[in-house]
Amino acid sequence: MPGISASPGQLASAAALPVSRPADGIPITLTINGTRRQLAVQPWTTLLDLLREELNLTGTKKGCDHGQCGACTVLLDGQRINSCLALAVTKDGAEVTTIEGLAKADGSLHPLQEAFVEHDAFQCGYCTPGQICSAVGLLREGHAHNADEIRELMSGNICRCGAYPNIVAAIEQVRQDGGAA
Amino acid sequence: MTYIGTPRSRVDGRAKVTGAARYAGEFTAPDLAHGYIVSSAVAKGRVLSVETEAARALPGVLEVFTHENRPGTAWLSGNYQDEVAPPGAPFRPLYDSQIQFSGQPVALVVAEDFDTARDAASLIRVTYEAYPHQTDLHVQRAKAYVPSKKRDGIDPPPPPRGDADAALAAAPVSVRQEYSIAPEHHNPMEPHASTVIWEGEGKITVHDKIQGAQNSHNYITNVFGLAKENVRVLSPYVGGAFGSGLRPHHQLALAVMASLALKRSVRVSLTRDQMFALGYRPMTINTMALGADADGGLRAVQHEAVASTSTYEDYQEAVVNWSGLAYRCDNVKLGYKLAQLDAVTPLDMRAPGAPLGMFALESAMDELSYKLKMDPLELRLRNYAEIDGNTGHPFTSKELRAAYRQGAERFGWSRRNPEPRSMKEGRELIGWGMATGIWEAQMQQTSARATLMPDGTLEVATATADIGTGTYTILAQIAADAMGLAMEQVMVRIGDSSLPTSPVEGGSWTAASAGSAVQAVCYKLRDELLNHARSMPDSPLANASLQHVTFTEGRIALRSDPARFVTYSDAMRAGGHRMLSLEQTTSPDPNVQKTYSSYTHAAVFVEVRVDEELGVMRVTRVVDAVAAGKILNPKTARSQIIGGVVWGIGMALEEETFTDHALGRFMNHNLAEYHVPVNADIHEIDVIFVEEEDDKTSPLGVKGLGEIGIVGTAAAIANAVFHATGKRIRDLPITIDKVIG
């Protein structure tokens, strides 16, 4: 009987590649939610895994790990990015804002967080941090002038619960109130 | 009553918008190890060898589990039966060398960190002996069979009534067509994951992505032979599930196995592509025939469905039963068969069965309306069912007629030109379509506990889940109203196997079930407090009975003289309690179940716009008028319906899991190639809740909302596409190639 040898999804040559592991990682500095942190990261560690696994900032979500769902959206130097597609080592010196860094120190919520609660712009809550970070970035970009443009420019953030109409309503309200920052 | 029926923001809202809410794969422990699954590359066969040496040699790798070295535990197939398992022999992870489906786990690597586990998994070499497999329902339908053992909770099709063959042959107008729906996957945003915390001395705490913590708890104790008190399962937040979290999955079994063997904490999270091997909405082919009089009266309904299942379980759902009760008809013949594929067992997915069967029925009704030259809505009203034709029972309530009327009015249905391709704007053809939705309204036996704390706040607890449905919020509303407290004074605890018994959250039954239990235990608490208050020395309530008093703001006061009262705290203390905790179980009324049928209904109206040259379709407007009994929280209720409608749009136009039949594997196992609706796909969705009194389905009067939004929506869209283009697509999803092809 013929046998099939396979490891799905992996390079056949993976076993042969020498893997070099810097024992202590590569030193980088990130300012995360206003706090400057000296970190040592492996070259293959994504910003997402660094946040979730090493810094215990699990508010940033892993939905696909392929840049296809937007759940991992954070603000990097003010711009929204998929943190699963960013290798941490390449972001030395950057300023990162995650969902944990949006509310004020006194606990009062960011206007978009308030609006998401008020408009019921989520159900299970798993895509929500990414949606909110994405919306913060969107309003900063200043390209969305109406609900249609919000829909288009928020389409990188999947909400499987289907809260889209409420997400648009929440963002549109904050946009109109001018509470973007 | 101050909270029930009013729009309330979610009580768990702050936790979700700040990132504080933690999901199963986000809990940690100092000794946490990480598991990574290696999945089968073949659909059927057996594992000849698993080479693990290279993986084991990697620094940080703790163990590689395969069928050859797995720890010995209780491995009888019956021990793997869970609360919602269909008949058959459930899949047993790493049980033996046999491969039953592509993507089946064949090894688990456990390492000190996730990167190492993933890296090590890539070094494992598996050799298989592949057997011939069959994953094509179109081939296997020739071997379809009626399942001999019925699935608990799923009614098989009712026996035929009248003579549907003769009536169909004699009907002056008829439709006979085949309608099929592609396999779909749940794709909740949160990947399935289990974090097992090793507490020492054989005790574990398990954070699992599950719609019923007690289902996982029972599964773990049965599979591993553990004492119930040594296992606790928690699922306070579930990042979407839609049915994918009803059954405990293999990542749970593997994480527990590794934790017990290594005596340390272990987390196993699935990747997005691995989640496609957990189960799916079965591909279903409907054969539907309708016969009618010239005036539109239905004379015959024939509906047979063939759906995919696996080789090891007979997964069943209600696909055709709806066709026997949606409309009045004396001659009905229904059939439901399964065909086995060499694939994972299908898994309940939002409104399991209903949107599949209703796509066929409601498409055929639309086709019939054109043959009759009758308005599709008028055809439905002409055949309105006042009783459930399947059982002959009256409905507990049915305001579908009002839903049709209010929905049509809001939508502007009367302005519709019935002629296909008659409405156009710019380069877009405009189509208006409608359909009926039906789902069962159910209540399940559930227990709840209410605890009045020394500070006067209240805790209510039951094991159920909140998968985004709003359970936390409605339970807080119900408890606050029952006890006359502010919602802020009520703490809701759910998602914990150690809490009073609750079924899995599913089937749209949680509001009626957990809600009724919470209300009942609060009422019991009131009785107890009143008894204590009356027995106090010189009690102002000495002679008062329940109807003489009010329970508001933490006080039991005389209705006739509210200045005379006893506080809850004083009453508790008088009874000798520092805090007071009671438990109560509620069940559906068996007499109602025997003599009534209970369903939620919806009338869905949609507008689609189709680019005439490119075939691009947009659902620009949806009005969904829903009759679902009492609405506890219009804000979260509307969200449930919107979500269901979005799922209907996905089913109609986007969602399809493709199988490579040569490999026997799902091909598009990622969110770039498995299309779910994104924000730009969704436009106006208008939800109407029709007034409906129902005093029979549950003590609360609610009928449930989780499923009804999807049922009928896909059919309404298909009907609108026909109206826009003149093309009848009977094979979902309706993709561009089918419209311009």
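In this predicted model, 61 residues of chain A are in contact with 62 residues of chain B. Helices and strands of chain B both help to build its side of that meeting. The points below start there, then turn to one helix of chain B and to the make-up of chain A.

**Where chain B touches chain A**
- Four helices and two strands are not equal partners here: H16(B) gives the largest share of chain B's touching side, with seven residues.
- Each of these elements of chain B supplies at least two residues: helix H1 (13-17), strand S1 (33-39), helix H3 (114-121), strand S6 (125-130), helix H8 (272-275) and helix H16 (634-653).
- By residue type, chain B's touching side holds 31 nonpolar, 18 polar and 13 charged residues.

**Helix H13 of chain B**
- Helix H13 of chain B covers residues 510-534, which makes 25 residues.
- At 1.5 Å a residue, H13(B) should span 36 Å, and its end C-alpha atoms lie 35 Å apart, so the two values agree.
- H13(B) is mostly covered, with 19 of its 25 residues buried.

**Chain A**
- Chain A contains six strands and five helices.
- Read from the N terminus, the order of elements in chain A is β-β-β-α-β-β-β-α-α-α-α.
- Chain A has 181 residues, and 51% of them are buried.
- Take the contacts in chain A between residues at least 6 apart in sequence: 56% of these join residues at least 24 apart.

Definitions and conventions:
Residues are numbered from 1 along each chain as its sequence is written. Chains are lettered from A and ligands numbered from 1 in the order in which they are written. This is a predicted model: local features need pLDDT of at least 70, side-chain atom pairs count only at pLDDT 80 or more; totals for chains, interfaces and linings use all residues. A residue is buried if 20 or more other C-beta atoms lie within 10 Å of its own, exposed if 12 or fewer, and partly exposed in between; C-beta atoms are placed from the backbone. Two residues are in contact if their C-beta atoms, placed from the backbone, lie within 7 Å. Ala, Val, Leu, Ile, Met, Phe, Trp, Tyr, Cys and Pro count as nonpolar, Asp, Glu, Lys and Arg as charged, and the others, Gly among them, as polar. The expected span of a helix is 1.5 Å times one less than its number of residues.
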